[in-house]
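Trainee: Before we use any descriptive labels, I would like to see how each one is earned. Could we go through them one at a time, setting values against cut-offs?

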Amino acid sequence: MIYTGNNRNLTIEPYEPCPCHLDKKFKFCCYQKAKKDTSAPMAKGFSLGRVNHLIREFYAATDFRTCFAFENNQCSGPIKNAHSLQNNRILNVICENGHLYYFKPEVVDSGPTSVIKKIGKNDASTFFGFCDFHDTELFKPIELFDYTGDIQQKFLFAFRALAVEMHKKLRQLENVKRMFAQRPRIMLDPQFVYMYRVAMSDVNDHQIEYELFKQGFQNGDYTGVRTIHRELQYGVKFAACSSFTVRYDINGKVMNDTFSTKNDRMPSIFLNIYPTPQGTTNILISYLNIDSEVYQNYFNSLDALDDQKLTKYLNYLVIENTENVFFTPSYIESLSENERKSFERSYNSSMNVLERASLLAEGNYYKFDLFNLAP
Ligand SMILES: [Zn+2]
Ligand SMILES: [Zn+2]
């Protein structure tokens, strides 16, 4: 059962499904437990190192294995740690000595943030989202062949971006539920109820998109996805695969009121950017046609931008919205101190309005260019 009330309703209603058991009403399930819980706040008085360790451990416990392929009766082999960015075709191109950089979430004195860290290629961009058979079989058209603009390839790139995000959203919801189980009283805390509401609607929104991909796939009809493809005649030093809701169009007009009090579905776009072994770069940006009303004009205006303007815009869009992005070590290491700071802080400013304001005041907001890289 899906909660259809207001996202900004910051209390769990008595007759609403309980977060722990959606088939029970809150009032008759965890409400009393929540009222009686007097446990201390989590991690009170712990060192930062210990807090980071605990958060990581807690989140690690939410990991789960599933196969997002559409014909699960054909699943076989273990659910492996599938690469959302292809290991052979993409990560191989951007790694150096088997390593890449990525943004690693951490808690520091000032609160949660992300720092740029090294990661081994085999651990980069992986998630437990496909069984062994489907990871190979389903993605053959993009795994074995160069990008040709084929409609099925566009569909598969967009779908993989959805799958990696959906796995993450399911984990985030599970994370909130686990916090509720450990400290029932936070079910009465508006801040945590808000987290729960957001996690629930994210999962519901992604499920709707998933069903559309599934229908398309099962009917052999790949026309439900519109994709803009742009090929750059040089290879970039990063790769990204992600889906997210875009709040503003390129003129700053709100397309999706992500802070709205209404419970509207937040439609995703699907983004893949990667350099090819041939030394070019593919940019693929997609949306589902049911979201034409929201995204059609936005995509038309993206399509009309020349390479320089498009990449300038994507420089911002990628860092602002994508966690699943990996960088060539020499690119990160070649950044000046100032560029590197701008890089990290601009990434973090997507979660921190004050940080953004101070970067803007310093004139140091997005003072780097992902697409214009020294070799
Ligand atoms: Zn309950
Ligand atoms: Zn499978």
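The dialogue below takes up metal sites, accessibility, backbone angles and helix packing.

Mentor: Keep in mind that this is a predicted model, in which local features need pLDDT of at least 70 and side-chain atom pairs count only at pLDDT 80 or more, while totals for chains, interfaces and linings use all residues. Residues are numbered from 1 along each chain as its sequence is written, chains are lettered from A and ligands numbered from 1 in the order in which they are written, and side-chain values use heavy atoms, with hydrogens and water left out.

Trainee: What makes the arrangement around the zinc ion (ligand 1) tetrahedral?

Mentor: The donors (N, O and S atoms within 2.8 Å of the metal, or 3.2 Å for Na, K and Ca, with water not among the atoms, so that sites may look incomplete) are the SG atoms of Cys18, Cys20, Cys29 and Cys30, at 2.2 to 2.3 Å. Four donors count as tetrahedral if all angles lie between 85 and 135 degrees, and the angles at the zinc ion (ligand 1) are 100 to 119 degrees, which makes the arrangement tetrahedral. Along the chain, these donors follow the spacing C-x1-C-x8-C-C.

Trainee: Which residues coordinate the zinc ion (ligand 2), and what are the angles among its four donor atoms?

Mentor: The zinc ion (ligand 2) is held by Cys67 (SG), Cys75 (SG), Cys131 (SG) and His134 (ND1), at 2.1 to 2.3 Å, and its site, with angles of 98 to 118 degrees, is tetrahedral. The sequence spacing of its donor residues is C-x7-C-x55-C-x2-H.

Trainee: Why is Cys131 called buried, and why does Cys20 count as partly exposed?

Mentor: Buried means under 20% relative accessible area, exposed over 50%, and partly exposed in between, with a 1.4 Å probe and protein chains only. Cys131 has a relative accessible area of 1% and is therefore buried, and His134, at 4%, counts as buried too, whereas Cys20 has 40% and so counts as partly exposed.

Trainee: What is notable about the phi of Asn97, and why is Asn97 called exposed?

Mentor: Asn97 has a positive phi of about 50 degrees although it is not a glycine, and lies in the loop between helix H3 (87-94) and strand S2 (99-108), where helices (H or I, at least four residues) and strands (E, at least two) are DSSP runs numbered from the N terminus. Its relative accessible area is 76%, so Asn97 is exposed. Ser125 also is not a glycine and has a positive phi, of about 70 degrees, in the loop between strand S3 (111-120) and strand S4 (126-131), but at 6% relative accessibility Ser125 counts as buried.

Trainee: Why are helices H6 and H7 described as roughly antiparallel, and H11 and H12 as oblique?

Mentor: Angles under 35 degrees count as roughly parallel, over 145 as roughly antiparallel, 65 to 115 as roughly perpendicular and the rest as oblique; axes are lines fitted to C-alpha atoms, for helices over the stretch in contact, and angles run from 0 to 180 degrees between N-to-C directions. H6 (residues 151-182) and H7 (residues 190-218) pack at about 150 degrees, with axes 9 Å apart, and are therefore roughly antiparallel. The axes of H11 (residues 337-349) and H12 (residues 353-362) come within 8 Å and cross at roughly 140 degrees, so H11 and H12 are oblique to each other.

Terms used. Tetrahedral: all angles 85-135°; square planar, octahedral: opposite > 155°, others 65-115°.
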